[in-house]
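Student: I am new to this structure and would like to go through its ligand sites. Could you guide me?
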There are 2 protein chains.
Amino acid sequence: MNPSSCRRIVVIGGVAAGMKTACRLRRLDATAEITVIDRSRDISYGACPLPYYIAGLYDDLSEVRRTPAGALRDEGFFANIKGFTALTGCEALRIDRDQHQVWLRRLDDGSEQALAYDQLVLATGNEPLVPPLPGNDLDGVLPLKTMEQAARIDKLVATAHSAVIVGGGLIGLEMAEALRLRGLQVTLLEMKDQVLATALDFGMASLVHRELRAKGVNLRLAEPVRRFEGQGRVEAVITDQGRYPADLVLIAIGVRPAVQLARAAGLELGPTGAIAVNEQMQTSDPAIYAAGDCAEATDRLSGKKVYVPLGSTANKQGRVVANNLAGQTEAFAGILGSLAVKVFDLNIGRTGLSAEDAQLIGLEPVSLVTASPDIAHLYPGNKPIVIKLTADRASRRLLGAQVVGSGVVDKRVDVVATALTFGATIDQLANIDLCYAPPYAGAMDALHQAANALRNKLDGLADSLSAAAVQEKLASGEELLLLDVRSPAEYDEVRLPGATLLPLGVLRHKLAELPQDRLIVPFCKVSLRGFEAQLILQQAGFTNVRYLEGGIAAWPYELER
Amino acid sequence: MNPSSCRRIVVIGGVAAGMKTACRLRRLDATAEITVIDRSRDISYGACPLPYYIAGLYDDLSEVRRTPAGALRDEGFFANIKGFTALTGCEALRIDRDQHQVWLRRLDDGSEQALAYDQLVLATGNEPLVPPLPGNDLDGVLPLKTMEQAARIDKLVATAHSAVIVGGGLIGLEMAEALRLRGLQVTLLEMKDQVLATALDFGMASLVHRELRAKGVNLRLAEPVRRFEGQGRVEAVITDQGRYPADLVLIAIGVRPAVQLARAAGLELGPTGAIAVNEQMQTSDPAIYAAGDCAEATDRLSGKKVYVPLGSTANKQGRVVANNLAGQTEAFAGILGSLAVKVFDLNIGRTGLSAEDAQLIGLEPVSLVTASPDIAHLYPGNKPIVIKLTADRASRRLLGAQVVGSGVVDKRVDVVATALTFGATIDQLANIDLCYAPPYAGAMDALHQAANALRNKLDGLADSLSAAAVQEKLASGEELLLLDVRSPAEYDEVRLPGATLLPLGVLRHKLAELPQDRLIVPFCKVSLRGFEAQLILQQAGFTNVRYLEGGIAAWPYELER
Ligand SMILES: Cc1cc2nc3c(=O)[nH]c(=O)nc-3n(C[C@H](O)[C@H](O)[C@H](O)COP(=O)(O)OP(=O)(O)OC[C@H]3O[C@@H](n4cnc5c(N)ncnc54)[C@H](O)[C@@H]3O)c2cc1C
Ligand SMILES: Cc1cc2nc3c(=O)[nH]c(=O)nc-3n(C[C@H](O)[C@H](O)[C@H](O)COP(=O)(O)OP(=O)(O)OC[C@H]3O[C@@H](n4cnc5c(N)ncnc54)[C@H](O)[C@@H]3O)c2cc1C
Ligand SMILES: CC(C)(COP(=O)(O)OP(=O)(O)OC[C@H]1O[C@@H](n2cnc3c(N)ncnc32)[C@H](O)[C@@H]1OP(=O)(O)O)[C@@H](O)C(=O)NCCC(=O)NCCS
Ligand SMILES: CC(C)(COP(=O)(O)OP(=O)(O)OC[C@H]1O[C@@H](n2cnc3c(N)ncnc32)[C@H](O)[C@@H]1OP(=O)(O)O)[C@@H](O)C(=O)NCCC(=O)NCCS
Ligand SMILES: [Ca+2]
Ligand SMILES: [Ca+2]
């Protein structure tokens with residue numbers, strides 16, 4: 001196709017993927033007739049900042065539709081600045097692939113019309129899931145996706161005392177913070193035994209659980225909702241364990257791809273239920289592309305089709321679609337499941353495969369948790385981060401990372417994401433020339449420390465147990481020696497229940513005091529000294545020693561003070 | 001060699017590289033006799049935080065030798081915790097390679113002795129350069145490298161009114177900040193026409209110049225020192241342009257590798273003057289290794305030998321040496337010249353090749369400067385960063401990045417460093433699945449924006465001029481239209497001298513008002529709209545349009561307010 005012919009491009013959906021496609025295409029092609037249609041009047045809005053709006057960070061909801069320079073991204077903006085037509089309040093009813101046209105209904109007057117296309121882009125996004133439970137239609141029970149819902153929630157919050165959040169995913173957690181900041185009593189009900197179940201392993205999620213509870217969220221895990229109660233307006237949420245009063249119930253149990261149009265048009269859906277696309281983001285009909293939350297993506301590591309609906313991916317895919325529409329051939333190489341979320345004072349991020357994911361595709365993952373200061377430990381303001389790295393035993397290829405802490409998390413996730421993109425081994429990761437000065441990192445960055453610690457484990461030099469594994473052994477009554485190798489001053493401040501103090505500096509001289517017949521689990525604040533103690537003990541002939549990964553900093557359970 | 005035999009390892013130099021080698025080796029080998037010798041009593045100290053000590057961030061200088069848990073890393077620490085001998089106050093006089101021994105002198109009593117080694121590690125580090133100028137031995141003229149010098153400077157500062165810093169490298173800049181924080185009048189004399197000459201291009205350094213001046217540093221570029229004046233104690237620094245009173249003169253013109261021992265022993269030095277090593281960090285004598293600031297490194301991109309003395313590299317190399325000593329074969333793959341430094345409110349970082357470096361090895365580098373908020377523009381606290389990316393025209397391989405701004409710089413440098421390590425193209429960089437949530441990034445990260453902007457330039461879609469290039473044209477009297485496409489409100493706040501306002505939103509309707517015969521240089525705050533204006537004008541038939549890279553945010557020259 002000649003990129004400068006006057007062909008007609010229709011885009012259905014005017015938020016991230018759709019608008020990115022249209023904007024980029026206009027830059028590449030001065031003459032194409034580009035029309036973006038959306039049933040909503042609120043186009044080109046950022047959904048991601050909506051929780052911050054509810055938290056009270058912006059005076060005006062329209063901020064989420066403004067450019068850095070303050071321009072409102074409305075129909076006029078797209079006409080005058082970006083140079084194409086945005087038809088809002090206009091629903092796409094069906095696609096007639098034979099006629100190459102889309103049937104539309106104007107929502108103001110109900111009128112219908114057909115819009116012809118040479119190429120069509122589906123950017124219909126996602127739809128929040130709502131649990132099919134009694135009372136789900138009560139007033140005050142709603143998900144958060146649109147600006148309208150945000151405005152409605154904001155209004156409810158103004159008079160509400162308590163809220164229940166159903167679902168501990170990204171949106172549920174961000175909203176827990178937002179609603180606490182607004183002074184509400186917040187209960188979070190999660191069906192699974194952990195929050196962020198698709199993003200974090202249980203042990204890492206446990207750190208989030210502690211933070212939520214510390215910030216006054218009534219976190220109820222493994223507790224599915226049974227029904228919503230109220231008279232017209234919601235009053236409480238009922239589970240098998242209890243009744244939680246609620247002036248507001250936020251439904252945040254996930255989303256599904258909006259594929260009705262695609263399915264009705266006979267386009268292929270993938271195994272995830274999202275629209276199947278090839279590398280150029282083309283659907284099973286070569287004249288129709290799909291991008292963003294309605295489309296599936298390929299996991300770069302497993303090669304599997306996955307559904308990870310995110311604004312970052314929607315924008316990248318939109319740009320790739322535009323490039324292909326303009327006659328360039330660009331492949332979207334896939335995603336890594338990278339994700340970041342701030343929850344109160346914790347930064348949380350992840351990328352790549354979990355050990356479980358890796359096992360499913362026949363790898364032999366080895367994981368290790370480390371804790372480190374995020375910047376040089378003697379630079380003021382340094383804060384802890386806990387890193388869980390996973391690598392494949394045989395190939396030593398890096399597989400993924402999960403990072404949680406009050407310190408800088410996103411940098412480590414992004415470095416790992418970049419390393420994963422290029423198939424790095426854990427050994428290569430350990431020696432990347434990352435920039436170093438005390439305000440930014442340690443001379444060996446936290447990620448280098450984490451990589452080396454995992455190499456030690458792979459090489460059989462280190463032997464370790466995660467906090468969860470130690471907790472399990474303790475719970476099962478196994479006799480083990482929890483050996484605290486910190487200083488007496490550190491011990492006075494905070495302790496693991498039942499641990500024995502033996503500072504690392506005297507360990508070499510007190511070996512005789514230690515039992516030969518039991519598992520010894522040395523640890524310190526982060527388990528750097530824990531690891532060293534393990535080596536000293538092993539070098540002295542102890543055969544059953546495994547340090548506690550991440551030490552006290554990564555211990556999500558009870559501590560004594 | 002059997003890693004558990006009782007062989008003797010001697011390490012000369014007990015700071016970063018030497019201590020890392022010894023510590024790691026003990027972890028791998030319980031029985032080797034490991035001795036680290038240093039002429040100084042102050043071993044295992046962090047030099048990097050010394051400027052922060054002088055700035056007043058720590059009460060006690062010993063902090064720079066303490067572990068995160070507060071333990072002082074002295075001889076006892078290395079004996080009891082790390083498990084080897086540190087001989088301090090002990091100078092290595094010469095190496096007898098035939099006899100496999102090092103001759104030492106104890107500095108307390110002058111006694112000499114020979115220490116036998118099976119393998120020797122040179123970690124002798126660097127020595128600050130001192131300019132061979134009259135008065136360089138006056139009291140109060142000194143470099144900053146050791147703890148003693150830091151203590152001396154700290155004492156001088158207590159009574160000083162003014163200081164002159166000679167040299168605008170990393171240490172000179174950090175000290176400019178430190179001394180300003182302590183209330184001194186500070187003059188910085190730099191021989192070249194820019195600071196950080198080995199790290200940044202002129203245009204990027206100009207942003208640092210502006211910051212230094214804004215923070216009250218009397219920055220004198222292209223002004224070499226002629227002599228130091230004073231009676232016993234320094235009073236002033238003399239250049240061809242003036243006389244600068246000084247109660248303290250910090251010499252910060254760079255360092256050279258400490259290679260006397262190596263040279264005298266007949267070990268090969270490389271083209272940089274540092275000790276030549278192979279990939280396993282072995283010198284020309286296979287029984288002798290070298291690591292850290294006394295050794296050369298290989299640039300991963302150019303393959304050239306380079307000398308970039310940094311604590312990050314010293315630690316990594318030390319660990320590699322230990323692994324090799326323990327019988328593993330590990331290669332140190334080289335460096336990228338990654339660097340970070342904080343100067344007042346600016347974060348500065350770089351990695352990889354500059355355009356100049358790239359040209360020298362026969363590549364055809366294309367660079368572009370962009371400016372962006374560091375995190376989502378509507379998340380509170382977002383701050384600008386300016387990114388200069390360079391890629392090779394033919395292969396489209398990413399070559400390097402320079403990043404400067406008050407926002408988060410180190411993350412972008414580290415992502416680029418990781419991408420460079422694996423030979424990424426600029427196209428691959430643009431689609432890496434970096435994590436996104438508003439507190440951490442934009443949906444398209446600043447680095448994605450920078451990568452796409454450079455792709456546009458490589459593809460001939462964008463045509464642009466750097467600030468320096470525009471400034472040059474203006475200075476040479478070239479007639480060009482500086483076209484400000486921001487809003488009137490933005491224009492009222494701050495302007496480029498001589499620019500014409502024509503907001504992007506009306507540009508499409510006012511094309512007739514614009515000259516066809518002159519170069520038009522559209523710009524905005526960051527030049528996102530500048531780029532869009534360029535496209536609109538070109539799509540309308542204007543043939544001579546180039547946007548201003550980085551817009552006002554990257555403009556280091558005069559602005560009107
Ligand atoms: C509270 C919240 C926080 C979030 N935080 C993050 C985050 O931190 N990071 C991140 O990466 N992502 C985040 N997201 C997700 C991100 O917002 C989405 O991934 C992104 O909006 C997807 O963009 P899209 O264009 O594919 O689809 P959508 O945003 O779903 O837009 C689809 C559009 O299509 C329109 N449409 C659908 N069908 C039709 C039809 N038949 N006719 C007309 N119009 C139609 C809809 O009205 C809608 O406007 C968050 C989302 C929410 C709700
Ligand atoms: C103010 C300042 C700020 C810095 N900031 C940074 C930064 O932000 N990031 C970064 O990466 N790096 C930074 N550095 C550089 C970093 O400190 C060095 O790269 C690092 O210390 C090098 O370690 P090394 O072990 O190789 O050598 P050195 O630290 O130079 O140690 C060498 C040791 O060898 C001993 N020695 C030498 N010869 C003999 C002999 N013949 N006999 C006995 N002993 C001997 C010396 O006494 C010395 O203690 C900074 C340096 C300074 C001074
Ligand atoms: C903003 C939106 C309309 C897309 O518009 P867009 O014009 O493609 O995007 P931008 O304004 O960011 O970028 C415009 C161009 O400027 C370029 N650019 C960005 N910064 C630049 C700079 N400093 N200098 C030069 N060029 C720059 C970009 O590369 C892009 O060009 P390209 O794609 O042709 O390479 C669309 O993403 C949207 O509606 N977003 C809101 C919804 C959303 O993203 N939600 C999810 C997150 S909350
Ligand atoms: C600190 C110094 C003595 C080196 O000692 P070290 O014992 O090798 O280093 P660390 O204490 O950081 O790390 C010890 C080990 O714990 C591991 N480790 C670190 N954090 C860990 C954690 N949370 N869990 C498990 N293991 C961890 C590391 O991988 C390392 O083991 P390995 O090298 O065998 O893989 C040396 O670097 C030094 O003297 N530094 C000061 C000077 C300097 O670095 N200057 C330049 C910068 S200012
Ligand atoms: Ca520094
Ligand atoms: Ca978010």
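Tutor: Certainly; please keep in mind that this is a predicted model. We may begin with ligand 1, which has 33 residues around it, and those that come nearest are Asp38(A), Ala92(A), Lys145(A), Asp293(A) and Leu310(A).

Student: Where does ligand 1 lie with respect to the chains?

Tutor: Ligand 1 is placed between chains A and B.

Student: Which residue has a polar side-chain atom 2.5 Å from an oxygen atom of ligand 1?

Tutor: That residue is Lys145(A). Two backbone contacts can be added: a backbone N or O atom of Asn126(A) is 3.2 Å from an oxygen atom of ligand 1, and a polar backbone atom of Leu310(A) is 3.4 Å from an oxygen atom of the ligand.

Student: How much of the accessible area of ligand 1 does the protein cover?

Tutor: On its own, ligand 1 has 990 Å² of accessible area, and the protein covers 93% of it.

Student: Which elements of chain A each supply at least two residues of the shell around ligand 1?

Tutor: They are helix H1 (16-28), strand S4 (90-96), helix H5 (170-181) and helix H8 (311-325). By residue class, the shell around ligand 1 consists of 20 nonpolar, 7 polar and 6 charged residues.

Student: Let us stay with S4 of chain A. What is the order of the strands in its sheet?

Tutor: The order is S4-S5-S6 in chain A, an open sheet of 3 strands with antiparallel pairing. S4 and strand S6 (112-116) of chain A are at the edges and have a single partner strand each, so one side of each has no neighbour in the sheet. On average, and with direction ignored, neighbouring strands of this sheet are turned by 30 degrees against each other.

Student: How many bridges join S4(A) to strand S5?

Tutor: There are 6 bridges between S4(A) and strand S5 (residues 101-106) of chain A, and the two strands run antiparallel. Ala92(A) stands opposite Leu104(A) in S5(A). Ala92(A) is also one of the residues that come nearest to ligand 1.

Student: Turning to the metals, what are the protein donors of the calcium ion that is ligand 6?

Tutor: Both listed donors are OE atoms of Glu174(A), at 2.2 to 2.9 Å from the calcium ion. Glu174(A) belongs to helix H5 of chain A, and that helix also supplies at least two residues of the shell around ligand 1.

Student: And which residue coordinates the calcium ion that is ligand 5?

Tutor: Glu174(B) coordinates that ion, again listed twice through OE, at 2.2 to 2.9 Å. Glu174(B) is part of helix H5 (residues 170-181) of chain B.

Student: Now ligand 2, please. Which of the 33 residues around it come nearest?

Tutor: They are Asp38(B), Ala92(B), Lys145(B), Asp293(B) and Gly311(B).

Student: Why is the site of ligand 2 said to be shared between chains?

Tutor: The site is shared because residues from chains A and B surround ligand 2.

Student: Which contacts should I look at there?

Tutor: An N or O atom in the side chain of Asp38(B) lies 2.7 Å from an oxygen atom of ligand 2. A backbone N or O atom of Ala17(B) is 2.9 Å from an oxygen atom of the ligand, while a polar backbone atom of Arg39(B) lies 3.1 Å from a nitrogen atom of ligand 2. Ligand 2 exposes 1,000 Å² when taken alone, and the protein buries 94% of that. The elements giving two or more residues to its shell are H1, strand S4 (90-96), H5 and H8 of chain B.

Student: Finally, where is ligand 4, and which residues come nearest to it?

Tutor: Ligand 4 lies between chains A and B, and Arg24(B), Ser44(B), Cys48(B), Lys82(B) and Asn315(B) come nearest among the 33 residues around it.

Student: Which side chains make polar contacts with ligand 4?

Tutor: Asn315(B) has a side-chain N or O atom 2.7 Å from an oxygen atom of ligand 4, and a polar side-chain atom of Arg319(B) also lies 2.7 Å from an oxygen atom of the ligand. The protein covers 91% of the 960 Å² of accessible area that ligand 4 has on its own.

Student: Which element gives the largest share of the shell around ligand 4?

Tutor: H1(B) does, with 6 residues.

How values were computed. Residues numbered from 1 in each chain as written. Chains lettered and ligands numbered in written order. Predicted model: local features only at pLDDT ≥ 70, side-chain atom pairs only at ≥ 80, totals over all residues. Heavy atoms only, no water. Near = heavy atom within 4 Å. Polar contact = N/O pair within 3.5 Å; in protein donor to acceptor, adjacent residues only side chain to side chain. Areas by Shrake-Rupley, 256 points an atom, 1.4 Å probe, with all protein chains shown as cover. Helix = DSSP H or I, 4+ residues; strand = E, 2+ residues; numbered from the N terminus. Nonpolar A, V, L, I, M, F, W, Y, C, P; charged D, E, K, R; others polar. Donors = N, O, S within 2.8 Å, 3.2 Å for Na, K, Ca; no water. Pairing = 2+ DSSP bridges. Axes fitted to C-alpha atoms, helices over the stretch in contact; angles between N-to-C directions.
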